Amino acid sequence: MNPVQDLIKSLAETHGRKRENLLPILQGVVEKEKYLSEYAMIEIARELELPSAEVYGTATFYSFLEHRKMGVYTIRVCKTITCSMKGKNQILEAIEEMLKISLGESTPDGKFSLLQTNCLGWCHKAPAMLINNDVYTELTPEKVREILKQYIQPTQN
Amino acid sequence: MAFDTYLLKRADFIFKNENDWEKILDRTLKLPPNEIINELMSSELKGRGGAGFPTGLKWKLTAEAPADEKFVICNADEGEPGTFKDREILTLVPYKVLTSMAVCAYVIGAKVGYIYLRGEYKYLVPELRKAIKEFEYFCNEVKHDFRIKLCLGSGAYICGEETALFESMEGKRGEPRNKPPYPTSVGFKQSPSVINNVETLAHTFTIFKYGAKKFYDLGVQYSRGSKLFSVSGDTPIPGIYELELGMSLQDFVNEFGDGDTKAVQVGGASGFLVPRKKFQETAIGYKGKLSGISLPTGGSMMLFNSSRSMYNVLDNYLEFFREESCGQCTPCRVGCQQLYNGIKAVKRGEKPTSYLDKLLKLTETMKLTAKCGLGQSVANSFSSIVENFREEMIY
């Protein structure tokens, strides 16, 4: 068995093989693999005895279940109204400039991907972004650069 | 004016740290289920997610539905632009929500409860799991057979719609079902289910602790109790505030505005925009008030001052809707795209200004024919912005 098959099998063991366990399994694969490859979706379908079209249809419905390869760190900048009013574009520009990528792209080393997302629920502390599951709020271009630095060069212990 | 005498009143129940939840739970679980339902009914608590269905009635209908298996579900898929109160409740006072879920389970006869948490709040999971574990331990001690499971969403606004949420929990695309049947008879896994917003459950805790009268005495007729408001936009004091229902928008703006507020969006992207000239006559509360305009809200209050272009605001909302429409029904799927492209075409001068009237007609169609609240509510923000700020849409 290859690593993806192993992963899917162990996720199915943990969560169960019923249809209602599909989402946690998809989420588990995205967490490890950083996306759902066609191969992974077919393997999940096989493991849960579902039509692969159903797995694909469900997976592509949710915006956090990526089906193209994402970086180790996915940056999602909130673009909804308050964040937009409070300088979301400057935040995006700062990230683009620092990582040398455009919105929707990943860095060549596969470390970062940059996306926009709908309301993150931090409107009172706008602008906000997620890096994987971690929230950063009240951003300024300077603050964003400081945050990214920590991700680019992990602090030495 | 009907609201002249009414001033903004703060309340402080939800975030008050109560150390005696174990006692409250134990005490409430000893009451007959009917008594608990009556207490909720007499408090006149209505759902705090925005729709405003009487909570006591929801529990009663589910309790009376004949079935072997029932569920209690906490809707923590808070995705409405401008809303962030549920996250704060789950962060600061999760045990209130858990206690209410356990009481609800007792009342309706459920053994399992679910919290459906939006993917954007995944960082809350470890703390929440810890709280659930501690809570279940206590449930065991008082011999209340109840377990709580955590379901995580994956970035889909529509999953906050209750039937779409069930679909998502069942491992499918989050597409709303036809209603009726309502969740009280056919819910998660086709079983009768109570599905309540996080804040609603937090309020029921207040009622269990202090009694229905305490809650009923807050607010105004038809809009009883207090409510959390998520205040954002052009305000010097953005944040979460618990206020009594029924205040006029003017009082709200006096308190939270920056002195230059030209409009307030009540209820998020799916709500209504109120221009300055209507602040005085508009009250915040559920429908059914005898005079004036009464706007229901899930709590989102976004303030805009005169430096803002209402065209940009509407453009942002429509972009949100066209991305978040589940695509199942044509009025919403195509309608959202048409509205989005339509206002851009008018702005660029590619369509005559009278095209705005055609778009307004389209929102009427969407309101009548869209399958769920998402497609229907696009009409709210669209028509209230276009009608009140028409010139900003054109020039």
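This note goes through the domains, the chain interface and the internal cavities of a predicted model.

1. Domains of chain B. The assignment splits chain B into three parts. Domain 1 covers 20–215, domain 2 covers 219–305 and domain 3 covers 310–393. Keep these bounds at hand, as the next points refer to domains 1 and 3 of chain B.

2. Domain 1 against domain 3 in chain B. The centres of these two domains of chain B are 33 Å apart, taken over C-alpha atoms. They do touch: twelve residues of domain 1 of chain B contact eight residues of domain 3 of chain B. About 840 Å² is buried between domain 1 and domain 3 of chain B, and carbon and sulfur atoms give 68% of that area. On the domain 1 side, Tyr157(B), Ile158(B) and Pro176(B) lose the most area to domain 3 of chain B. Together these three residues make up 54% of what that side buries.

3. Chemistry of that domain contact. Between domain 1 and domain 3 of chain B there are zero salt bridges. Three residue pairs are in polar contact there, counting pairs with both residues at pLDDT 80 or more. The residues on the domain 1 side that touches domain 3 of chain B comprise five nonpolar, three polar and four charged. Charged residues are thus present on that side, yet the salt-bridge count between the two domains of chain B is zero.

4. Domains of chain A. Chain A has domain 1 at 3–61 and domain 2 at 73–152. Their centres in chain A, again over C-alpha atoms, lie 28 Å apart.

5. The interface of chain B and chain A. Here 47 residues of chain B contact 31 residues of chain A. The area buried between the two chains is about 3100 Å², with 54% from carbon and sulfur atoms. In chain B, the residues losing the most area to chain A are Glu120(B), Ser154(B) and Arg173(B). Their joint share is 19% of what the chain B side buries.

6. Polar links across the chains. The rule finds four salt bridges across the interface of chain B and chain A. One side-chain pair in a salt bridge is Glu319(B) with Lys79(A), at 2.9 Å from N to O. Polar contacts between chain B and chain A number 24 residue pairs, both residues at pLDDT 80 or more.

7. The largest cavity. The structure holds two cavities of 30 Å³ or more. The largest has about 80 Å³ of space. Its lining counts 13 residues. Nearest the centre of this cavity are Ser325(B), Cys326(B), Cys329(B), Cys332(B) and Cys372(B). By class, the lining of the largest cavity has eight nonpolar, four polar and one charged residues.

8. The second largest cavity. Its volume is about 40 Å³. Which residues line the second largest cavity? Both chains contribute. From chain A come Cys78(A), Thr80(A), Ile81(A), Thr82(A), Cys83(A), Cys119(A), Leu120(A), Gly121(A), Trp122(A) and Cys123(A). From chain B come Pro81(B) and Gly82(B).

How values were computed: Residues numbered from 1 in each chain as written. Chains lettered and ligands numbered in written order. Predicted model: local features only at pLDDT ≥ 70, side-chain atom pairs only at ≥ 80, totals over all residues. Heavy atoms only, no water. Domains from an automatic or database assignment. Contact = heavy atoms within 4.5 Å. Buried area = accessible area lost by both parts, 1.4 Å probe. Polar contact = N/O pair within 3.5 Å; in protein donor to acceptor, adjacent residues only side chain to side chain. Nonpolar A, V, L, I, M, F, W, Y, C, P; charged D, E, K, R; others polar. 1 Å grid on protein atoms, 1.4 Å probe; cavity = no way out; pocket = protein on both sides within 12 Å on 5 of 7 lines; lining within 4 Å. Points joined across faces, edges and corners; volume = space filled by probe spheres on them.
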